[in-house]
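Got the viewer open? Let's walk through this one stop by stop, picking a selection each time and saying what sits there.

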Amino acid sequence: MKALTFQGEGDVKIREVPKPSVAASNDALIKVTLGAVCGSDLHILHGHTPMNPGTILGHEFVGVVEEVGPEVKRFKPGDRVVSSFFTSCGHCTLCRKGWFNQCVEKGTFGHGEYFGGLGGGQADYVVVPNADHTMEGIPDGIRDDQAIFVGDILSTGFFGAERAEIKPGDVVAIVGAGPVGLMATMCAQLFGPAKVFVIDMVDARLEIAQELGGIPINAKEVHPVGAIESATGGIGADSSIECVGLISAIDTAIHCVRGGGTISVVGVPSAVQADFPYLRMWLKSLTFRAGWCNVQAYMRPLLELIAAGRLRPEKIISHRMKLEQAEEAYRMFDAREATKIVLTP
Ligand code: NAD
Ligand code: ZN
């Protein structure tokens, strides 16, 4: 089968690789019908993620079940499914507490040996372990390009918004208008804020943020913290959602909220450690939350919101390409020539 593989920093290549097969009793073999390129793939491309050469890439995918192991109960061949970007067992202590992203058996698709040695979704086929808990069925009437993002960036946008504790009438600041920031812009509005400011430097992305109900702030033109302060009578936003993954963006997210406000970070931090403004956090009684999304908790309700027409995640897709063009897709996404690219095998 064809698959996009990691070769080394800055180098991804389409290769012929063996088709994977059901090995464990709770595995499902999925024929991929749509994959996507994520900001986390750019961390891999830039060599920021520990990766072994030859790894099959891709952690955002939907497809059709081709075969299941004997213990898979919820799915059968022919079912349309969306997968979370990571696996969870559903029965360990942390899964039973609802923290599926802390599952002791967790593995991440398309991230190589260091993250569980799973396959990837930028390929013709992928095996999903712990299939009953890792996947959701796609309801009739929801297309692949609407369902795909519940497995990663839409759930992440919702997770970021929920943890920002947005109340009706609030002012929210979203730092970053990449795919994750745009999903956060959409999801924040489910909580009833009066204003959602969206900060970025890429005009095309800020335009989409505006179409989605956000108020764009171009950080190339104005200082974003100053702009939010002057728009809020010098007070600041009630909460911020960081969707970039750079320490400078986390700083913006911290500095643009008012006393008593909440900062919700979902970008993967670019540094292992960095300065943290403890005194400011204490003086201003701020709440700081960070982490990767607990996807399995959100897939079903988000599919319901899509079915009800209250979320339209497919609106951020700017380019539809073939899997064979994945190398070019990475280049375009990295150069910010594309907002979100989906790939058809
Ligand atoms: P992306 O790289 O396409 O988007 C980042 C955006 O931030 C870009 O538009 C860029 O112009 C903008 N930006 C850069 N510096 C900025 C700054 N200082 N202030 C404001 N904007 C700035 O990536 P993406 O796909 O949107 O993903 C965003 C982050 O979320 C990545 O770090 C990704 O790895 C992470 N992520 C986390 C989870 C999770 O579970 N927490 C899930 C998916 C992705
Ligand atoms: Zn991702």
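Domain bounds here come from an automatic or database domain assignment. Colour by that first: domain 1 is 2–152 + 294–344, and domain 2 is 155–290. Before going on, some housekeeping: residues count from 1 along each chain as its sequence is written, while chains are lettered from A and ligands numbered from 1 in the order in which they are written. This is a predicted model, where local features need pLDDT of at least 70, side-chain atom pairs count only at pLDDT 80 or more, and totals for chains, interfaces and linings use all residues; side-chain values use heavy atoms, with hydrogens and water left out.

**Stop 1: the sheet**

Show the strands β10-β9-β8-β11-β12-β13, in that order: these 6 make an open sheet with parallel pairing. (Strands are DSSP runs of E, at least two residues; helices are runs of H or I, at least four; numbering starts at the N terminus. Two strands pair if DSSP finds at least two bridges between them.) At the edges you'll find β10 (215–218) and β13 (287–290), each pairing on one side only. From one strand to the next, the twist averages 20°.

Now zoom in on β12, residues 257–265, which pairs with β13 in the parallel sense over 4 bridges. Pick Ser-264: what is its bridge partner in β13? That's Arg-289.

**Stop 2: helices on the sheet**

Select α6 (residues 179–188), which packs on the sheet and touches β8 (171–175), β9 (195–200) and β11 (237–242). Contact means heavy atoms within 4.5 Å. The direction of α6 makes about 165° with that of β8; axes are lines fitted to C-alpha atoms, for helices over the stretch in contact, and angles run from 0 to 180 degrees between N-to-C directions. Next, take α8 (residues 224–231): this helix lies across β8, β9, β10 and β11, at about 165° to β9.

**Stop 3: between the domains**

Zoom out. The C-alpha centres of domain 1 and domain 2 are 27 Å apart, and the contact takes 23 residues from domain 1 and 17 residues from domain 2. Together they bury about 1,800 Å², 67% of it on carbon and sulfur atoms (buried area is the accessible area, 1.4 Å probe, that two parts lose on being put together, summed over both). Highlight Tyr-298, Ile-316 and Thr-339: they supply 32% of the area domain 1 buries against domain 2, more than any other three residues.

How many salt bridges does the rule find across this interface? The count is 0, with a salt bridge being a side-chain nitrogen of Lys or Arg within 4 Å of a carboxyl oxygen of Asp or Glu.
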